[in-house]
Number of protein chains: 2
Amino acid sequence: MPCGDSCPIEHTVNLIGHKWKVLILRNLHNMGTQRFGDLSKEIRGISQKMLTQQLRQMEIDGLIIRKVYPEVPPKVEYSLTELGETLKPVLDSMNLWGINHMKMSTPKDVEQ
Amino acid sequence: MPCGDSCPIEHTVNLIGHKWKVLILRNLHNMGTQRFGDLSKEIRGISQKMLTQQLRQMEIDGLIIRKVYPEVPPKVEYSLTELGETLKPVLDSMNLWGINHMKMSTPKDVEQ
DNA sequence: CCGAATCCGCAACGATACTG
DNA sequence: CAGTATCGTTGCGGATTCGG
């Protein structure tokens, strides 16, 4: 992995070119600040380890903010940074494409 | 495991929510039809196995077309399908985000 | 109790060598 | 040239455990 960021889209891909990251960002965009448990429940299919791992990396990359409340029971909230907010057009385009090209197994049942 | 196409963006992610797929699509978009060796050289960092694997899946998903020339030496060309072409807005938004937020000397593009 | 860390089994991945 | 085969390594999911 010599390069990685030689092209603009490669930079983007290195930050959000991962299935779970996109879904996490989608959740934070739609729902706003969310707790770990909320994300875990909403994004069913993701393991706790994967969720933690991706959240940590996205925090390092400056896409999200991790706020820990030193309380009992533990409470950790995740929210988008300004940089994370700027990804909205990308998420929107992906969402729009999904709407237009999803296999309509149940006709005209496209909820949006 | 209802791996999810319950949401539009999940459908998109299931098709192109992978680092290499995005880069492959980017190449086919920018360069047009390309041979296996071309993709392998342009997308340095990807292994042949990974390239083959992702190309096969994208062919199954109807994003690209694989054209084999029954010759010696072998010649295989990959190109975008109509469906694959429709992903251009998504790739463009990712590329645009990369341009605006890549850590480089874009003087004052960072403002939005 | 919630969020994260640990161990383990398995699938994915990279590098190399080989084939048609 | 365009893959396939094999192998060693890494990454991931699941269950369990820790820690506040």
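How far is a phosphate oxygen of DNA strand C from an N or O atom in the side chain of R35(A)? I looked this up first. The distance is 3.3 Å. I note here that the model is predicted.

**Entry: strand C**

I stayed with DNA strand C and checked its other phosphate contacts. R66(A) puts a side-chain N or O atom 2.7 Å from a phosphate oxygen of the strand. From chain B, Q53(B) has a polar side-chain atom 3.0 Å from a phosphate oxygen of DNA strand C. I then asked which elements supply two or more residues to the surface near this strand. In chain A they are α3 (36–42), α4 (48–60) and β3 (75–80), and in chain B α4 (48–60). The top contributor is α4(A), with 4 residues.

I listed the surroundings next. DNA strand C has 17 residues around it. The closest are F36(A), R66(A) and Y78(A) from chain A, with K49(B) and P74(B) from chain B. By class I find 6 nonpolar, 6 polar and 5 charged residues on this surface. I also looked at the DNA side. Of the strand C atoms within 4 Å of the protein, 59% are sugar or phosphate atoms, and the rest are base atoms.

**Entry: strand D**

I ran the same lookup on DNA strand D. Here 19 residues surround the strand. K49(A), Q53(A), R35(B), R66(B) and Y78(B) are the closest. Sugar or phosphate accounts for 67% of the strand D atoms within 4 Å of the protein, and bases for the rest.

Which elements each supply at least two residues of the surface near DNA strand D? I get α4 of chain A, plus α3 (36–42), α4 and β3 (75–80) of chain B. In this case α4(B) gives the most, with 4 residues. The class split is 8 nonpolar, 6 polar and 5 charged.

I noted three individual contacts. S47(A) has a polar side-chain atom 3.0 Å from a phosphate oxygen of DNA strand D. K49(B) reaches a base oxygen of DNA strand D, with a polar side-chain atom 3.2 Å away. P74(B) uses its backbone: an N or O atom there lies 3.3 Å from a sugar or linking oxygen of DNA strand D.

**Entry: chain A against chain B**

I moved to the protein interface. I count 33 residues of chain B in contact with 33 residues of chain A. The buried area is about 3200 Å², and carbon and sulfur atoms give 71% of it. Within chain B, the residues that lose the most area to chain A are P8(B), I9(B) and W97(B). Together they make up 23% of what that side buries.

I then took the two α6 helices, residues 88–101 in each chain. Their axes come within 9 Å and cross at roughly 175 degrees. Angles over 145 degrees count as roughly antiparallel, so α6(A) is roughly antiparallel to α6(B). I wrote down the contact residues. From α6(A) they are P89(A), V90(A), S93(A), M94(A) and W97(A). From α6(B) they are P89(B), V90(B), S93(B), M94(B) and W97(B). The classes are 8 nonpolar, 2 polar and no charged.

**Entry: helix packing inside chain A**

How do α1(A) and α2(A) lie relative to each other, parallel or perpendicular? Helix α1 (residues 8–16) and helix α2 (residues 19–31) of chain A pack at about 80 degrees, with axes 7 Å apart. They are therefore roughly perpendicular. On the α1(A) side I see N14(A), L15(A) and I16(A), which meet K21(A), V22(A) and L25(A) of α2(A). This contact divides into 4 nonpolar, 1 polar and 1 charged.

I checked α2(A) against α4(A) as well. Their axes come within 10 Å and cross at roughly 75 degrees. That again makes the pair roughly perpendicular. W20(A), K21(A), I24(A) and L25(A) of α2(A) meet residues of α4(A), including M50(A), L51(A) and Q54(A). I count 7 nonpolar, 2 polar and 1 charged residues here.

**Entry: cis bonds**

Most peptide bonds are trans. I looked for exceptions. The bond from V72(A) to P73(A) is cis, with omega near 0 degrees. P73(A) sits in the loop between β2 (64–69) and β3 of chain A. In chain B, a cis bond joins V72(B) and P73(B), with omega about 0 degrees. P73(B) is placed in the loop between β2 (64–69) and β3 of chain B.

Key. Residues numbered from 1 in each chain as written. Chains lettered and ligands numbered in written order. Predicted model: local features only at pLDDT ≥ 70, side-chain atom pairs only at ≥ 80, totals over all residues. Heavy atoms only, no water. Near = heavy atom within 4 Å. Polar contact = N/O pair within 3.5 Å; in protein donor to acceptor, adjacent residues only side chain to side chain. Nonpolar A, V, L, I, M, F, W, Y, C, P; charged D, E, K, R; others polar. Axes fitted to C-alpha atoms, helices over the stretch in contact; angles between N-to-C directions. Parallel < 35°, antiparallel > 145°, perpendicular 65-115°, else oblique. Contact = heavy atoms within 4.5 Å. Buried area = accessible area lost by both parts, 1.4 Å probe.
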